Amino acid sequence: MQAAKLFGSSETWFLVGGTTCGIQAAIMATCSPGEHIILPRNSHISAISAMVLSGAIPKYILPEYDCKWDIAGGVTPSQVGKAIKELQMDGKKPAAVFITSPTYHGICSDLSDISQLCHAYGIPVIVDEAHGAHLGFHPQMPHSAIKQGADLVVQSTHKVLCSLTQSSMLHMSGSIVDRERICRCLQTLQSTSPSYLLLASLDAARAQLGENPGTVFNKALELASEASTIIKTIPGISVLDLLSFNEFPAIDPLRLTLGFWSLGLSGYEADDILDRDHGVISELVGTQSITFAINLGTCREHTQRLVSGLKKLSMSFLHSKTTEMRVESREHAPFNDICISLNPRDAFFANKRSVSIKESLGKVCGELICPYPPGIPVIIPGEVITEKALNYLLDVRKKGAVITGASDSHLSSIVICDV
Ligand SMILES: Cc1ncc(COP(=O)(O)O)c(C=O)c1O
């Protein structure tokens, strides 16, 4: 079966530069310099670099956030509607709306309603579906973004299906986006000598799905469901479900996110023990949780090892003296008071210098500083560095978050724009 037919798009491009390249092409194909794009604050760094390339100006939406899990969710149709209206009040119309769905933790936004809303204004919807190339291939799975009406959808085929690292797909649907402009953007961003190894692996992934599109995920779903049912009975371990994110329509059943606070363990500590003592390798670790990915390569031995490791972890820590809610949860999502001084493109090309953290207060930031978790950038190049943002960063660093993007990950100094 042809890729476009299989994925329900009008056209599908095989890419060799990852979802990163697809996101950059999609944003460049829809946004010209000075035009606005609505996007969640926790968008992947490729969306920020796409704004550097295109000259688009961000209108951020703060994603939903759950303090107990220390995890960001998706965005709701009403948040998108509010952002469109706010731009309208300033006499502007966004050139595109960009959504990440599912999130790394598998939380899906209501793309159907978001697409309908945006199309009523003639605005194209771009979806970062890096973690959702498998969606729609089973009735128990959430619908894919293309099926829900998105115009451009980028998938990391290499993350969830079986193609080689760096290979991805860009799907197009509808007629809002100019196909020729996408081709030009892809030509600008990609090598003129694409790797046939990577392209062949994408074709193999397509063929694997195409042979049995309705049943290929049966075993993975069965293993995930069995494991999740047993894990829910293990004392002290929580399983992420939509109760924590009840504004969202679906969660990927192949992502299992588990919380360990009732055992007095952070996600990092639980992960170390599961890896060291039980040979269980996770997909993603946070302060409060670990996420596991079940996929076409998972077999029963893997899920049994996970369940057995979790049972032993529970027995060891449930009644231990250290088990007193010592893993604090955050009180609020980071920052709602962003002040943009330069757009990402101007900030990228501005002269920069490194200053002490004290000296950086009130200056225009020259780097993207993002603590993991929850993976929401605290400061994006071009934004004014505030006391609140610095205090938040120092606090999460003390609590064990990894600071990415900053040239000095200890945060004794910060790179600023020389403006
Ligand atoms: C949400 C999200 N979007 C985009 C990307 C970029 O994907 P790729 O590595 O295929 O370029 C990632 C990578 O981790 C991601 O997590």
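Start with the largest cavity, which has a volume of about 100 Å³. To find it, select Asp337, Ile338, Val378, Thr386 and Ala389, the closest to its centre among the 12 residues that line it. Colour that lining by class and you get seven nonpolar, one polar and four charged residues. This cavity has company: the structure holds three cavities of 30 Å³ or more. Keep in mind as you click around that you're looking at a predicted model.

Now leave the cavities and go to the pockets. The second largest pocket is a good warm-up, with about 460 Å³ of space in it. Pick Ile281, Phe292, Ala293, Thr298 and His302, which lie nearest its centre; the full lining has 18 residues. Which elements supply at least two residues each to this lining? Show strand 15 (289-293) and helix 11 (300-317), and you have them. Of the lining, four residues belong to helix 11, and no element gives more. By class, you'll count six nonpolar, eight polar and four charged residues around this second pocket.

Next stop, the largest pocket, at about 820 Å³. Centre the view on Asn42, His44, Tyr104, Tyr372 and Gly375, which are the closest to the middle of this pocket out of 45 lining residues. Plenty of elements chip in here. On the helix side, switch on helix 2 (18-30), helix 3 (45-54) and helix 6 (157-160), which each supply at least two lining residues. Then add the strands that do so too: strand 5 (71-72), strand 6 (96-100), strand 14 (284-285), strand 17 (370-372) and strand 18 (402-404). Helix 2 brings the largest share, four residues. Recolour by class and the lining splits into 21 nonpolar, 21 polar and three charged residues.

Stay put and turn on the ligand, since the largest pocket is where the ligand sits. Two elements give two or more residues to the shell around the ligand, namely helix 2 and helix 6. Helix 2 leads again, with three residues in that shell. For the whole shell, select Gly18, Thr19, Thr20, His44, Thr100, Asp128, Ala130, His131, Ser156, His158 and Lys159. You might remember His44 from the previous stop, where it was listed with the residues closest to the pocket centre. What classes do the shell residues fall into? Eight are polar, two are charged and one is nonpolar.

Zoom in for the contacts with ligand oxygen atoms. Threonine 19 comes in through its backbone: an N or O atom there lies 2.9 Å from an oxygen atom of the ligand. At serine 156, look at the side chain instead, where a polar atom lies 2.8 Å from a ligand oxygen. Histidine 158 also uses its side chain, with a polar atom 2.8 Å from an oxygen atom of the ligand. How much of the ligand does the protein bury? Taken alone, the ligand exposes 390 Å², and 80% of that is buried by the protein.

Two backbone details round off the tour. Most residues other than glycine have a negative phi, and most peptide bonds are trans. With that in mind, follow the chain on from strand 6 into the loop that leads to strand 7 (107-108), and stop at proline 102. The peptide bond from serine 101 to proline 102 is cis, with omega near 0°. Then jump to the loop between helix 6 and strand 10 (168-172) and click on glutamine 166. Is its phi positive or negative? Glutamine 166 has a positive phi of about 95°, although this residue is not a glycine.

Definitions and conventions:
Residues numbered from 1 in each chain as written. Predicted model: local features only at pLDDT ≥ 70, side-chain atom pairs only at ≥ 80, totals over all residues. Heavy atoms only, no water. 1 Å grid on protein atoms, 1.4 Å probe; cavity = no way out; pocket = protein on both sides within 12 Å on 5 of 7 lines; lining within 4 Å. Points joined across faces, edges and corners; volume = space filled by probe spheres on them. Nonpolar A, V, L, I, M, F, W, Y, C, P; charged D, E, K, R; others polar. Near = heavy atom within 4 Å. Polar contact = N/O pair within 3.5 Å; in protein donor to acceptor, adjacent residues only side chain to side chain. Areas by Shrake-Rupley, 256 points an atom, 1.4 Å probe, with all protein chains shown as cover. Sits in = over half its atoms within 2 Å of the grid points.
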